[in-house]
Amino acid sequence: MHKSKLAGFIIDCQNPDLAVAADFWSAALGMPTRALPSEDPQQYLELVDPLGRLHVEVQGVTHPSRVHLDIETDDVEAEVSRLEALGARRIAQVRTWWVMEAPTGQRFCVVRAISPRFATEARVWL
């Protein structure tokens with residue numbers, strides 16, 4: 001048994017100046033930026049939802065720019081296996097998480113749970 005839920009949306013930016021990219025998305029979405037605690041500010045900046053409902057990050061990447069979502073879980077391997085059974089495939093392991101590809105071609109990540117409401121909001125999978 002494990003739990004998982006949508007963690008948030010990640011705006012991948014292939015841009016040498018992440019602050020400039022984050023400034024655009026901040027203005028476009030009306031969400032101020034802030035550094036993520038214990039994350040690399042050269043690679044990740046958070047866009048703060050004033051209502052606290054969405055988690056959105058701007059991430060510096062070397063691949064073409066796109067948007068992807070993260071699924072957070074208390075058991076990365078169990079969640080990856082569950083998603084593989086649904087037709088997803090593993091693309092690459094990065095540190096403690098997996099980049100996956102849906103059967104429809106979209107990339108997404110399966111990451112360790114960190115959101116404060118994970119325990120009460122995540123779905124239990126048997």
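A pocket, in the sense used here, is an open set of grid points with protein on both sides within 12 Å along at least five of seven lines, and its lining residues have an atom within 4 Å of a point. With that in hand, let us walk through this predicted model, beginning with its largest pocket.

That pocket holds about 1,300 Å³ of space. Its lining is made up of 48 residues, and those nearest the centre are Ile10, His55, Glu57, Asp70 and Ile114. Eight elements give two or more residues each to this lining: strand 1 (2-13), strand 2 (33-35), strand 3 (44-48), strand 4 (55-60), strand 5 (66-73), strand 6 (89-94), strand 7 (97-101) and strand 8 (107-112). Strand 1 provides the largest share, with 7 residues. As for chemistry, the lining of the largest pocket has 21 nonpolar residues, 16 charged ones and 11 polar ones.

Now let your eye settle on strand 3, one of the strands that contribute to that lining. Is strand 3 mostly covered or mostly open? It is mostly covered, with 4 of its 5 residues buried. Strand 3 has a partner in strand 2, and the two run antiparallel with 3 bridges between them. Within that pairing, alanine 35 faces leucine 45 of strand 3. Strand 3 also pairs with strand 4, again in the antiparallel sense, over 5 bridges. Here glutamate 46 stands opposite glutamate 57 of strand 4, and Glu57 is also one of the residues nearest the centre of the largest pocket. Strands 3 and 4 form a hairpin with 6 residues between the strands, and in this hairpin glycine 52 takes a positive phi near 70 degrees. A general point helps when following any such strand by eye: in a regular strand, side chains alternate between the two faces of the sheet.

Next come the aromatic rings. The structure contains 1 aromatic pair. Phenylalanine 24 and tryptophan 25 make up this pair, arranged edge-to-face with 5.0 Å from centre to centre and 80 degrees between the planes. Why does phenylalanine 24 count as exposed? Its relative accessibility is 52%, and exposed means over 50%. Tryptophan 25 counts as partly exposed because its relative accessibility is 27%.

Two other tryptophans meet an arginine. The charged end of arginine 90 sits over the ring of tryptophan 98, 4.8 Å from the ring's centre. Further along the chain, arginine 123 lies over the face of tryptophan 125, at 4.2 Å from the ring centre.

Note on methods
Residues are numbered from 1 along each chain as its sequence is written. Side-chain values use heavy atoms; hydrogens and water are left out. On a 1 Å grid over the protein atoms alone, a cavity is a set of points where a 1.4 Å probe fits but cannot get out, and a pocket is an open set with protein on both sides within 12 Å along at least five of seven lines; lining residues have an atom within 4 Å of a point. Grid points are joined across faces, edges and corners, and a volume is the space filled by probe spheres set on the points. Ala, Val, Leu, Ile, Met, Phe, Trp, Tyr, Cys and Pro count as nonpolar, Asp, Glu, Lys and Arg as charged, and the others, Gly among them, as polar. Buried means under 20% relative accessible area, exposed over 50%, partly exposed in between (1.4 Å probe, protein chains only). Two strands pair if DSSP finds at least two bridges between them. Rings of Phe, Tyr and Trp (its six-membered ring) pair if their centres lie within 6.5 Å; planes under 30 degrees apart count as stacked, over 60 as edge-to-face and the rest as tilted. A charge sits over a ring if NZ of Lys or CZ of Arg is within 6 Å of the ring centre and within 35 degrees of the ring normal.
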